[in-house]
Amino acid sequence: MFITYLFESSGTPLPYLTSDTAKTGLPSLQFPPFGYTSGNTTVTLSEMLYEIRSAIFIIPLVSVLANVSIAKTYANGGIVEATQEMLALGMCNIAGSFIMSMPTCGAFTRSALSQASGVQTTLSNLYASGLILLAILFLTPHFHLIPRAILSSILISAVLFMVDYQIIKPLWKTNRAELFVTLVTLLISLFFTVEIGLLAGICANIIHLALMWSRPKLKIELMKSKGVEFVLITPNNGLYFPAIDYLYREIMRIPKQEGYAKIPLVINCAHLKGLDYTAAKGLSLISSEIQAKDQRFIVLNASEKMRYVCRKSGCKSMVFCNSFDALPAAILGEQCKEKCILNSSSMKRNDTVVVDVPIMLAEVTPLLNIKPPNGNDAKVDL
């Protein structure tokens, strides 16, 4: 500031940029204006909103994200209530509108400076507020002497430790798609603005999620159980309409390979989170085409909700199976009978009853609470 003062006193042009001049004094308390008049021009509320345009949504979004991010960074393992952060942020901006305040939120730089200064409690906010009030009342005429490079260097030094460059190597080895989203957000924020970078990061992440849902990873294995050989197909995500075309192509490619034309196909739904109407129709189409080639197609471990969607979507040719052990019976296409030994407490110690329990192919479920011929409840050992 002293060097800047010497330049100004000698009338020499400054070789660097300085801060802008700020008005002295506190703002007056007044109702938020919904329009303003400048000279002979009057700007209405609708014109003000049109001038702001997308900032109406971007500013609150950036503010909330910044507040929650700061809270999580400095929570030290504590629980962060996002709702509480949003309520505090909203109340501050509502109160600030009565003194013509700009939209405000928490700042990473000030939080980092506080931590670097050894701040331990929220009492520091009262101290900082007092200094700000004194600066506004007495120091604003001298703010224009502060070089912008000095302010930038202070902020950079304060937040430099928050640049987690070490995360690049783990992301490269574990999830390159997430690394791509991170780099896109960072680079666009640096070369353009934070708002555009945030929007680009959201779009890149949406594309990443869309690719995950439209191209689920398929684990295809050739398995054998009780002498019956089959191909087990296990998707790792929910099966919704973006993924059904991909699943159709991958499944229909299997019978075309040499040696797999007659091997039964089993799709394992153990990891599926859900199933929509279009996906159910797609599964029905796959089942119809596979069975038309005289090849079995079984749906394994489908939840009750998935079966309900399939029934309501008109799928009639699909065979469901609840148990991996019951797959051979379902694949062979015959009604399987298993021997069930019933141990009744009302019988003598050495008496047992052996019954044949039919297992229906379309609904293979564990059989419980089978009663012996005398009508008493018994425990079933399958």
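This report walks through the aromatic ring pairs and the charge-over-ring contacts in a predicted model.

## Ring pairs

A search of the whole structure turns up three aromatic pairs. One of them joins Phe31 and Phe34, with ring centres 6.1 Å apart and planes at 50°, so it goes down as tilted, since planes count as edge-to-face only when over 60 degrees apart and as stacked when under 30.

Phe31 also pairs with Phe98, and here the geometry is edge-to-face: 5.9 Å centre to centre, with 75° between the planes. This pair links distant parts of the chain, 67 residues apart. Phe31 is in the loop between helix H1 (2-10) and strand S1 (36-38), while Phe98 is in the loop between helix H4 (82-96) and helix H5 (108-116).

## The cluster and its exposure

Put together, ring pairs link Phe31, Phe34 and Phe98 into a cluster. How exposed is Phe31? Its relative accessible area is 61%, so Phe31 counts as exposed. Phe34 is exposed too, at 53% relative accessibility. Phe98 comes out as partly exposed, because its relative accessible area is 30% and the exposed label needs over 50%.

## Charges over rings

Two arginines turn up over aromatic rings as well. Arg53 lies over the face of Tyr50, at 5.2 Å from the ring centre. Over at Trp172, the ring has the charged end of Arg176 sitting above it, 3.9 Å from its centre.

Methods:
Residues are numbered from 1 along each chain as its sequence is written. This is a predicted model: local features need pLDDT of at least 70, side-chain atom pairs count only at pLDDT 80 or more; totals for chains, interfaces and linings use all residues. Side-chain values use heavy atoms; hydrogens and water are left out. Rings of Phe, Tyr and Trp (its six-membered ring) pair if their centres lie within 6.5 Å; planes under 30 degrees apart count as stacked, over 60 as edge-to-face and the rest as tilted. Buried means under 20% relative accessible area, exposed over 50%, partly exposed in between (1.4 Å probe, protein chains only). Helices (H or I, at least four residues) and strands (E, at least two) are DSSP runs, numbered from the N terminus. A charge sits over a ring if NZ of Lys or CZ of Arg is within 6 Å of the ring centre and within 35 degrees of the ring normal.
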